[in-house]
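Visitor: Could you walk me through this model and tell me what stands behind the labels people give its parts?
Guide: Gladly; let us have it in front of us.

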Amino acid sequence: MTVNPAPTIVRIPPGLRLPKSLQQLMFSVSRRMTLDALRRRYGPAFSLNLIIGRAVVISDPALVRQLFLTSTDIVGRLENHLGLVLGPYSLFSVEGEVHQQHRKLLAPPLHGHRMQSYEAIVEEETMREAASWPEDRPVEMFTPMTRITLNVMLRAIFGTEGAELDELRVLTLRLTTLGTRLFLLPVPRIDLGRLTPWGAFNRYRRQFDAIIDALIAKVFADPALAERRDLLSVMLQARYDDGQPMSRREISDEILTLLAAGHETIAGTLAWAIERLCRHPSTLARLAVEADAGGTELRRAAILEVQRVRPVVDMAGRRVLADSVRLEWVIPRGYSIVVGITLMHSDDSLYVDASTFNPDRFVGVRPDRDAWVPFGGGYRRCIGAAFAEMEMDIVLRTLLREFELSTTSEPDERWRSRGITFVPAKGGRAVVRRRRGASPDPATSHRSRLRPRSGEASLEADREDHCDLEGD
Ligand code: HEM
């Protein structure tokens with residue numbers, strides 16, 4: 001005789017008793033304000049009923065740790081449209097065993113000592129971009145940072161430059177700008193040619209795939225393939241446990257994923273870094289002295305602190321796949337469990353004087369991995385975190401060595417949602433002035449030879465056609 005296990009008793013944290021359309025409206029109009037108000041009212045776990053489904057939002061480090069460490073059979077990726085945009089083989093789309101295998105192939109070139117090999121590219125791209133900056137008048141920093149980060153990612157992936165990369169630069173921006181809209185808005189997936197959003201998206205994607213195919217053919221034709229260290233060559237030579245290579249479609253989806261996830265996030269954080277530092281003169285002065293002396297400690301602490309007070313991605317989450325998951329509460333299948341990154345980072349019970357920008361809190365101290373989570377955590381933690389840390393450090397170091405940033409008493413910039421990321425509302429405006437003869441580094445002396453590349457004018461136009469969704 002078999003005994004049926006006792007049915008699980010569901011226990012959901014408290015939440016608003018409003019119709020879901022109203023809850024969705026509040027969430028869409030001002031996600032940050034809504035979450036903040038609910039945390040004040042209900043504490044570090046509350047529920048929400050949204051059109052896309054029911055969710056529990058958590059901001060208690062112990063619960064967050066438990067969620068991130070829960071097996072991937074029990075909780076999986078959040079249900080969203082990213083798979084439609086980035087493709088079925090993107091890390092954001094795959095689950096379970098396939099997800100683990102993709103991570104195993106993609107992680108090595110994005111970790112450890114490999115990071116040093118990208119530093120020269122980052123410095124060169126920063127110098128190329130900064131060569132044309134006007135002095136003594138406010139410059140919006142987010143757009144130039146986007147150009148730097150996209151160029152860096154393209155060079156890290158393909159290892160070379162050339163006409164194909166110029167085309168990819170423009171296409172990536174078109175795909176990510178349009179893709180963000182399609183990800184957020186329930187646009188029917190109808191392709192009636194270039195006049196419909198999906199038609200335009202599919203056309204750009206076909207062009208993107210054709211260029212990737214051409215670049216793959218070039219890499220295979222390279223007799224020095226075995227020595228190449230660019231991400232594309234690494235992917236082409238990688239093998240799954242059963243000895244099979246990644247398919248072309250898998251490679252194309254993962255390249256689009258790395259390009260999309262790996263440029264706007266870093267650019268937004270750098271724009272916030274400039275916005276914060278221009279309002280904190282003494283920290284800025286100490287950072288300039290440290291950069292001239294070849295130091296790193298305060299700069300690294302400042303980057304950690306920028307990511308704490310201004311995380312560009314405000315939420316990470318999982319969906320319950322099993323009958324239920326027990327995280328103090330008992331949350332049933334189908335629910336989303338969302339980590340409120342901004343909620344945790346702004347919690348006075350976790351950080352002394354949490355709203356104050358104070359890089360010194362991280363000098364000589366590593367952040368608590370459960371309470372400082374700008375890169376999410378666990379099995380799906382951001383695969384580009386080490387790359388992002390390296391890139392932010394080198395861009396900031398180069399700027400501090402080459403430029404004086406004027407400080408300002410203007411009010412703090414507000415948060416502006418670009419759909420997935422939150423960036424400074426005015427792009428992180430700053431007034432810069434070149435430090436005459438200050439560069440101690442020979443790598444920067446060829447600045448005058450570095451010019452913007454072809455394709456960057458149209459990149460600018462695409463970027464201006466951005467998608468700002470919320471002035472929060
Ligand atoms: C400051 C920069 C960045 C921030 C704040 C950021 C943030 C995040 C967050 C919050 C997640 C979700 C993690 C989770 O669910 O636990 C994520 C995932 C991911 N990020 Fe990043 N990211 C950054 C840079 C990058 C870069 C440079 C790359 C590529 C080189 C990248 C590629 C990815 C990918 C592929 C995933 C999906 C990982 C998976 O599902 O296994 N990110 N990122």
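Guide: We can start in the loop between β6 (324-327) and β7 (329-332), where Glu328 lies. Keep in mind that this is a predicted model.

Visitor: What makes the phi of Glu328 worth pointing out?
Guide: Most residues other than glycine have a negative phi. Glu328 is not a glycine, yet its phi is positive, near 70°.

Visitor: Which other residue has a positive phi of about 60° although it is not a glycine?
Guide: That is Asp136, which sits in the loop between α6 and β4.

Visitor: Why is Asp136 called partly exposed?
Guide: Its relative accessibility is 46%. Buried needs a value under 20% and exposed a value over 50%, so a residue in between is partly exposed. Asp136 therefore counts as partly exposed.

Visitor: And why does Asp348 count as exposed?
Guide: Asp348 reaches 56% relative accessibility, and the cut-off is over 50%, so the residue is exposed. Asp348 belongs to the loop between α15 (341-345) and α16. Not counting residues up to four places away in sequence, Asp348 touches Asp353, Ala354 and Ser355.

Visitor: What makes Ala371 buried?
Guide: The relative accessible area of Ala371 is 4%, and buried means under 20%, so the label follows. Ala371 is also found in the loop between α15 and α16. With neighbours within four places in sequence left aside, its contacts are Pro61, Met344, His345, Leu350 and Tyr351. From Ala371 to Val338 there are 33 residues in sequence and 14 Å in space, C-alpha to C-alpha.

Visitor: How do you know that Glu391 is buried?
Guide: Glu391 has a relative accessible area of 0%, which is under 20%, so it is buried. This residue is part of helix α16. Leaving aside neighbours within four places in sequence, Glu391 is in contact with Val122, Ile148, Thr149, Val152 and Ile266. Ser336 is 55 residues from Glu391 in sequence and 32 Å away in space, C-alpha to C-alpha.

Visitor: Which values describe the packing of helix α14 and helix α16?
Guide: Two packed helices are described by the angle between their axes and the distance between the axes. For α14 (residues 297-309) and α16 (residues 385-402), the angle is about 120° and the axes are 10 Å apart. Their crossing is right-handed.

Visitor: Which residues of α14 and α16 meet there?
Guide: From α14 come Arg299, Arg300, Ile303 and Gln307, and from α16 come Met392, Asp393, Leu396, Arg397 and Leu400. By type, they divide into four nonpolar, one polar and four charged.

Visitor: Is Arg299 buried or exposed?
Guide: Arg299 has a relative accessible area of 1%, and the limit for buried is under 20%, so Arg299 is buried. Beyond its neighbours within four places in sequence, Arg299 is in contact with Leu287, Glu290, Ala291, Asp393, Leu396, Arg397 and Leu400.

Visitor: How do α6 and helix α7 cross?
Guide: The axes of α6 and α7 (residues 142-158) come within 9 Å and cross at roughly 145°, and the crossing is right-handed. Among the residues making this contact are Tyr118, Ile121 and Val122 of α6 and Pro144, Arg147 and Ile148 of α7. The contact residues divide into seven nonpolar, two polar and six charged.

Visitor: How many aromatic pairs are there?
Guide: The count comes to six.

Visitor: Why is the pair of Trp133 and Phe403 called tilted?
Guide: The ring centres are 5.4 Å apart, and rings pair if the centres lie within 6.5 Å, so this is a pair. The planes stand at 40°, while stacked needs under 30 degrees and edge-to-face over 60, so the pair is tilted. Trp133 lies in the loop between α6 (116-130) and β4 (138-140) and Phe403 in strand β9 (residues 403-405), so the pair links distant parts of the chain, 270 residues apart. Both Trp133 and Phe403 are buried.

Visitor: Which residues form one aromatic cluster?
Guide: Trp272, Trp415 and Phe422 do. The charged end of Arg32 sits over the ring of Trp415, 3.7 Å from its centre. Over the face of Trp272 lies Arg310, at 5.2 Å from the ring centre.

Notes. Residues are numbered from 1 along each chain as its sequence is written. This is a predicted model: local features need pLDDT of at least 70, side-chain atom pairs count only at pLDDT 80 or more; totals for chains, interfaces and linings use all residues. Side-chain values use heavy atoms; hydrogens and water are left out. Axes are lines fitted to C-alpha atoms, for helices over the stretch in contact, and angles run from 0 to 180 degrees between N-to-C directions. Helices (H or I, at least four residues) and strands (E, at least two) are DSSP runs, numbered from the N terminus. A crossing is left-handed if the near helix is turned anticlockwise from the far one by less than a right angle, and right-handed if clockwise. Contact means heavy atoms within 4.5 Å. Ala, Val, Leu, Ile, Met, Phe, Trp, Tyr, Cys and Pro count as nonpolar, Asp, Glu, Lys and Arg as charged, and the others, Gly among them, as polar. Buried means under 20% relative accessible area, exposed over 50%, partly exposed in between (1.4 Å probe, protein chains only). A charge sits over a ring if NZ of Lys or CZ of Arg is within 6 Å of the ring centre and within 35 degrees of the ring normal.
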